[in-house]
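Good morning, and thank you for coming. I shall describe the overall build of one protein chain and then turn to its pockets. Please look at the model first.

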Amino acid sequence: MTYTLDITKQDENTGELLADAKFKVQWKNGSTYTDIYGISTDSGTYEYSASSSSGAVNTFSTGKDGKLQITGLPAGTYKVIETSAPNRYLISDKWKTGQE
């Protein structure tokens, strides 16, 4: 069985959906976290890759609709870290260090 991670990036005040936010997703392995990789299948959509194979990335971007989806994830605990906010926006402190 595999799982899907869905993220929607939007303006807190207006609800506007925001493209080009960048995230890292890390898998919890004991007490440490390891970056996961994915292969882009469409704008904002990625398929999990078990390694950094050809074409795989470890930074994921929201699409024009402000959405990010990673499919095919194995069961586990993951942490999401926002690494880059869209133009004119800042990263909230809680997302700079990540949320499980």
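Buried residues, meaning those under 20% relative accessible area with a 1.4 Å probe and protein chains only, make up 33% of the 100 residues in the protein chain. This is a predicted model, in which local features need pLDDT of at least 70 and side-chain atom pairs count only at pLDDT 80 or more, while totals for chains, interfaces and linings use all residues. Residues are numbered from 1 along each chain as its sequence is written, and side-chain values use heavy atoms, without hydrogens and water.

The secondary structure consists of one helix and nine strands, where helices (H or I, at least four residues) and strands (E, at least two) are DSSP runs numbered from the N terminus. Along the sequence, the pattern reads β-β-β-β-β-β-β-β-β-α.

The C-alpha atoms fill a box of roughly 35 × 30 × 25 Å along the principal axes. Of the contacts (heavy atoms within 4.5 Å) with a separation of 6 or more, 53% join residues 24 or more positions apart.

Where is empty space left? Rolling a probe the size of a water molecule over the atoms shows this. Strand E1 (3-8), strand E9 (78-84) and helix H1 (93-97) each supply at least two residues of the lining of the largest pocket. That lining divides into eight nonpolar, four polar and five charged residues; Ala, Val, Leu, Ile, Met, Phe, Trp, Tyr, Cys and Pro count as nonpolar, Asp, Glu, Lys and Arg as charged, and the others, Gly among them, as polar. A pocket here is an open set of points on a 1 Å grid over the protein atoms alone, where a 1.4 Å probe fits, with protein on both sides within 12 Å along at least five of seven lines; lining residues have an atom within 4 Å of a point.

How values were computed: Buried < 20%, exposed > 50% of the residue type's maximum accessible area, 1.4 Å probe, protein only.
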